[in-house]
Amino acid sequence: MRLVSAAFALCLIGSPAMAQAQSQDRAEAVAHALKNPMVQEALAGTLSNLAGIVLDTKVGPLAHYADPRDDIRPDDTLRSIERRRDPQFEKHLHDHARGAVAATATAANDVLAMRDSLGETAGRLRTALAPLREALQGPSGSK
């Protein structure tokens, strides 16, 4: 989950559009907001609600394909299966979602701290790839 959170932050903050001053201000505002426990709780609630939609998927009709030891019943949803495995799974799901949001806040701040270095790296990559881009476009200047 941390890898996903870090990738999300990198995409959010490291994108070319974020290089502009207004976008940088927005990225800083997002990173700052993600540190707020109330924002973390709200986002965790949203993630839990979205997961709840998926958890209400009826999977019972596929029970005959499952191992009998899995105890999947004809009327089961993903939620009912998980409740039997962990009676507090919804609380655990919410806690994990909140932890993921907090980790995203940390990653976002770390990426913001790397902003200048990421911009320099992007510039060097553009320069290094320019000859390849020109070669692919051919002598007429089009692909």
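Helix α3, which covers residues 37-55, is built from 19 residues and spans 26 Å between its first and its last C-alpha, close to the 27 Å expected at 1.5 Å a residue. The model is a predicted one, and among the elements of the protein α3 has the highest mean pLDDT, at 94, whereas helix α1 (residues 2-14) has the lowest, at 54.

Which residues of α3 are buried? They are Gln40, Ala44, Ser48, Gly52 and Leu55. Because these residues cover an arc of only 115° around the axis, they lie on the same side of α3. The face of the helix turned away from that buried side carries Met38, Asn49 and Ile53, which are exposed. Met38 also takes part in a contact at the start of α3, where its backbone nitrogen has a side-chain oxygen of Asn36 within 2.7 Å.

Beyond α3, the chain passes through a loop that leads to α4 (78-85), and Asp71 has its place in this loop. The backbone of Asp71 has a phi near 55°, which is a positive value in a residue other than glycine. Is Asp71 buried, partly exposed or exposed? Its relative accessibility is 35%, so Asp71 counts as partly exposed, given that buried means under 20% and exposed means over 50%.

Further along the chain comes helix α5, which comprises residues 89-113 and includes Thr104. Thr104 has a relative accessible area of 9% and is therefore buried, in line with the cut-off of under 20% for that term. What does the side chain of Thr104 reach? The side chain of Thr104 comes to the backbone oxygen of Ala100, at 2.8 Å.

These details can now be set within the whole protein, which contains 6 helices and 0 strands, so that its elements, read from the N terminus on, follow the order α-α-α-α-α-α. Of the 143 residues in the protein, 23% are buried. When contacts between residues at least 6 apart in sequence are considered, 51% of them join residues at least 24 apart. The accessible surface of the protein amounts to about 10100 Å², and carbon and sulfur atoms account for 62% of that surface.

As for the confidence of the prediction, the protein averages a pLDDT of 85, and 83% of the residues score at least 70. A reader who follows the chain from its N terminus should keep in mind that α1 has a mean pLDDT of 54, while the mean for α3 is 94.

Conventions: Residues numbered from 1 in each chain as written. Predicted model: local features only at pLDDT ≥ 70, side-chain atom pairs only at ≥ 80, totals over all residues. Heavy atoms only, no water. pLDDT = per-residue confidence, 0-100. Helix = DSSP H or I, 4+ residues; strand = E, 2+ residues; numbered from the N terminus. Buried < 20%, exposed > 50% of the residue type's maximum accessible area, 1.4 Å probe, protein only. Expected span 1.5 Å × (residues − 1). Arc of directions from axis to C-beta. Polar contact = N/O pair within 3.5 Å; in protein donor to acceptor, adjacent residues only side chain to side chain. Contact = heavy atoms within 4.5 Å. Areas by Shrake-Rupley, 256 points an atom, 1.4 Å probe, with all protein chains shown as cover.
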